[in-house]
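Trainee: I would like to go through this structure and ask what stands behind the words used for it.

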Amino acid sequence: MKGKQIYIGKNPAYFTDYAVSGEYVEIENETYYKISNNDTMRPFFMSIVSDSNHWMFLSSNGGITAGRKDSDMALFPYYTDDKITESAEVTGSKTLVQVHLSDKTTLWEPFSENQKGVYNIRRNLFKNKFGNKIVFEEVNLDLGLTFRYHWNSSNEFGFVRKSTLINNNEEGVQLTLLDGIQNILPYGISTALQNSRSNLVDAYKKNELEAKMGLGIYALSAIIVDKSEPSEALKATIAWSLGLENCSYLISSLQIDKFRKGLSIEQEVEVKAEKSAYFVHANLELGAKKEKSWHIVANVNQGPSDVAYISNLLLTEKDLLQKIQADIDLGTRNLKELTAAADGFQASADELKTTRHFANVMFNIMRGGIFDNNYQIEAQDFKTYLSNANKDVYKGHKEILNQLPEVFSLSHLKALTNKNNDADFKRLCMEYMPLKFSRRHGDPSRPWNKFSINTRNEDGSKVLDYEGNWRDIFQNWEALAHSYPEFMESMIFKFLNASTFDGYNPYRVTKGGFDWEVIEPEDPFSFIGYWGDHQIVYLLKFLEFIEDFYPNKLAGYFNEDVFVYANVPYKIKGYADILKNPKDTIVFDDKLDHVLHERKKELGADGLLLLNQNKAICKVNFIEKLLATALAKCSNFIPEGGIWLNTQRPEWNDANNALVGNGVSMVTLFYLRRFLHFFKG
């Protein structure tokens with residue numbers, strides 16, 4: 001049905017709904033997937049990855065949050081995804097162009113909803129096939145101009161935004177440009193502080209410009225604490241640019257409206273108690289069919305020496321742009337190598353499936369990790385792991401540990417383990433895995449999960465670490481095992497030794513052990529959950545896999561007491577209490593929680609394990625671990641119903657999804673049958 005013609009002022013408005021389509025295209029010798037006319041779709045959310053500790057979440061309308069390591073080290077505020085989408089006009093990229101025509105000057109704001117209907121435009125979105133680059137494009141058919149901006153990442157320099165203006169006309173055009181990024185966060189602002197006291201945060205902001213280099217420095221006048229004590233802010237966020245000549249700079253968004261009105265704007269050198277921004281202001285002359293590109297680079301967590309280093313580069317380095325591009329390219333190569341190590345490349349005539357496979361494997365290792373150097377182990381990391389796991393075991397084996405070569409193989413470690421009679425040493429050796437690139441699960445669509453990307457220390461040295469929710473870690477390792485079957489025993493040991501005597505598992509598994517949820521009275525979203533379905537489903541996959549690769553390997557552990565139980569301070573209520581309220585089945589033991597954390601301080605991660613009557617770590621064999629797991633399920637069997645799961649969060653368990661009955665799992669029942677059948681052999 002044809003609607004009425006709508007006018008903006010005296011001019012007809014453009015609201016043409018172009019068809020959405022997708023295709024692969026080449027941009028600067030790299031393959032991207034292009035969504036044409038993406039603005040006619042509802043905004044959708046995206047994650048842009050890197051080989052390092054960058055994180056970036058974007059809405060397809062340009063709304064953005066980004067930073068490094070975790071949400072407390074943000075370049076742009078870390079909000080929930082709905083707020084990020086809504087903040088596109090005031091956070092992240094912002095571009096305004098005055099186009100000087102023969103008879104007038106017209107204003108164009110690419111990607112702004114404020115000018116919706118003013119011009120006949122087309123907006124397109126591009127993401128490269130490796131998932132670490134994104135390009136936004138707006139084509140203005142009325143003005144004959146195209147504006148693009150790319151988001152890239154560099155381990156050395158931070159976040160790199162490349163902008164390009166293209167003149168599609170047969171004659172030259174005169175332009176005045178105001179382009180940059182806004183709502184930049186200085187160092188030292190936690191997510192909680194930004195979300196609850198953003199007006200107070202603004203009051204502490206101090207934006208400075210080193211005019212000679214065009215370097216913006218964004219810091220707090222002091223670290224925000226509610227105490228009468230000095231707390232100096234010694235780190236900052238920085239932003240700088242390359243590619244535009246004879247430009248001036250703004251370090252806030254205060255003069256944007258002046259630019260819109262055609263008024264002159266003045267360079268800002270110091271702005272206090274205002275939201276931070278970085279804009280370049282320049283006049284451009286674009287010849288017919290010509291284009292102009294420039295870069296804005298921003299980084300977080302920058303100390304005085306970092307700022308001095310960048311300042312010196314801006315003054316002396318003639319090939320800085322090439323240096324930045326080389327580091328961006330290195331990041332892409334590293335990301336490809338990390339994913340290739342887990343068999344992330346496949347040969348297929350279907351490019352969509354090939355790209356999908358790469359993405360699946362990449363996100364799999366981002367959660368569960370990838371082995372650092374195939375089956376090679378660094379002695380220093382192994383020693384650190386052992387000392388954190390059990391201080392007594394570490395001290396008792398120092399002589400053996402000191403004889404290890406700097407780098408040794410997994411087979412060497414297994415041989416060392418087989419010669420040793422200390423069950424705790426054997427167990428910890430078998431559990432050790434030199435994984436990297438893993439991070440906890442979390443994003444703006446799941447803000448209750450706090451992510452952390454620990455890939456490098458402050459000094460730049462690599463970190464070997466992994467952590468994740470129980471289900472996520474073992475799901476990811478199930479796939480990883482196909483690429484590294486020799487580590488399958490380690491995965492099984494870690495799985496079994498992080499499960500409890502009553503057949504359940506804690507919330508999260510890490511290189512340093514495991515942890516559980518604790519109720520926080522002030523947080524209505526806080527709750528505890530005790531999962532049991534995963535023991536059967538994921539454990540069986542591991543057992544079937546190792547039996548296929550190494551027949552009878554499991555039988556060697558049947559009578560060897562090298563397994564333990566996690567001691568989680570949850571207690572399942574008695575049968576009568578569960579009948580009274582089947583949705584309230586768990587008691588949290590505050591006293592045991594305190595005792596366990598004290599033991600961990602004294603001994604290491606092993607302090608969280610179940611002790612026997614002699615106050616020593618309770619050790620059992622493989623058969624007992626399997627029986628405890630199976631019997632816990634059998635004792636919760638409901639005839640013609642399934643296995644009752646005392647999770648208190650049944651809707652979050654994969655085994656329950658779309659199944660009738662609160663907390664009753666048919667999937668677990670089916671896997672229990674398959675589990676028991678497996679051991680008949």
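The conversation below goes from the whole protein to single residues.

Mentor: Keep in mind that this is a predicted model. Start with the whole chain.

Trainee: What makes the radius of gyration of the protein agree with that of a compact globule?

Mentor: For 681 residues, the globule rule gives a value near 26 Å, and the protein has 29 Å, which agrees. Along the principal axes, the C-alpha atoms fill a box of roughly 90 × 65 × 55 Å.

Trainee: How many helices and strands does the protein have?

Mentor: There are 19 helices and 34 strands.

Trainee: What share of the residues is buried, and what area does the protein expose?

Mentor: Buried residues account for 54% of the 681. The exposed area is about 31700 Å², and 50% of it comes from carbon and sulfur atoms.

Trainee: What share of the contacts joins residues at least 24 apart in sequence?

Mentor: That share is 67%, counted among contacts between residues at least 6 apart.

Trainee: How far apart are the mean positions of the positive and negative charges?

Mentor: They are 2 Å apart, with 77 positive and 88 negative charges counted.

Trainee: Now single residues. Why is Asn 53 called buried?

Mentor: Buried means under 20% relative accessible area. Asn 53 has 13%, so it is buried. Asn 53 sits in the loop between β5 (45-48) and β6 (54-59).

Trainee: What does Asn 53 touch beyond four places in sequence?

Mentor: Asn 53 touches Gly 67, Arg 68, Lys 69, Ile 453 and Thr 455.

Trainee: What makes the pair of Asn 53 and Arg 68 a polar contact?

Mentor: A polar contact needs a pair of N or O atoms within 3.5 Å. The side chains of Asn 53 and Arg 68 are joined by one of 2.8 Å.

Trainee: Why is Phe 76 called buried?

Mentor: The relative accessible area of Phe 76 is 0%, and the limit for buried is under 20%, so Phe 76 is buried. Phe 76 belongs to strand β8 (residues 74-76).

Trainee: Which residues are in contact with Phe 76, leaving aside neighbours within four places?

Mentor: Among them are Ile 64, Thr 65, Ala 66, Trp 151, Ile 181 and Leu 185. Phe 76 and Ile 181 are 105 residues apart in sequence, and their C-alpha atoms are 9.4 Å apart.

Trainee: Why is Asn 29 called exposed?

Mentor: Exposed means over 50%. Asn 29 has a relative accessible area of 80%, so Asn 29 is exposed. The residue lies in the loop between β3 (21-27) and β4 (30-36). Asn 29 also has a positive phi of about 65 degrees, although it is not a glycine.

Trainee: Which sign does phi of Asp 343 have, positive or negative?

Mentor: The value is positive, near 60 degrees, and Asp 343 is not a glycine. Asp 343 is found in the loop between α6 (320-340) and α7 (351-368).

Trainee: Why does Asp 343 count as partly exposed?

Mentor: Partly exposed covers what lies between the buried limit of 20% and the exposed limit of 50%. Asp 343 has 46% relative accessibility, so it counts as partly exposed.

Trainee: How do you know that His 357 is partly exposed?

Mentor: The relative accessible area of His 357 is 23%, which puts this residue between the two limits, so His 357 is partly exposed. His 357 is in helix α7. Beyond four places in sequence, His 357 is in contact with Asp 343, Gly 344, Phe 345 and Gln 346.

Trainee: How far is His 357 from Gly 442?

Mentor: Their C-alpha atoms are separated by 22 Å, with their positions 85 residues apart along the chain.

Trainee: Why is Lys 104 called partly exposed?

Mentor: Lys 104 has a relative accessible area of 49%, and exposed means over 50%, so Lys 104 remains partly exposed. Lys 104 lies in the loop between β9 (92-100) and β10 (105-108). From Lys 104 to Asn 152 the distance is 36 Å, C-alpha to C-alpha, and the two are 48 residues apart in sequence.

Trainee: What makes Ser 221 partly exposed?

Mentor: A relative accessible area of 48% falls between the limits of 20% and 50%, so Ser 221 is partly exposed. Ser 221 is in the loop between β17 (215-220) and β18 (236-242).

Technical notes: Residues are numbered from 1 along each chain as its sequence is written. This is a predicted model: local features need pLDDT of at least 70, side-chain atom pairs count only at pLDDT 80 or more; totals for chains, interfaces and linings use all residues. Side-chain values use heavy atoms; hydrogens and water are left out. Helices (H or I, at least four residues) and strands (E, at least two) are DSSP runs, numbered from the N terminus. The radius of gyration is taken over C-alpha atoms; the globule rule is 2.2 Å times the number of residues to the power 0.38. Buried means under 20% relative accessible area, exposed over 50%, partly exposed in between (1.4 Å probe, protein chains only). Contact means heavy atoms within 4.5 Å. Accessible areas come from the Shrake-Rupley method with a 1.4 Å probe; for residues, only the protein chains shown count as cover. Lys and Arg count as positive and Asp and Glu as negative; His and the chain ends are not counted. The place of a charge is taken as NZ of Lys, CZ of Arg, CG of Asp or CD of Glu. A polar contact is a pair of N or O atoms within 3.5 Å; within protein, one must be able to donate a hydrogen and the other to accept it, and residues adjacent in sequence count only if both atoms are side-chain atoms.
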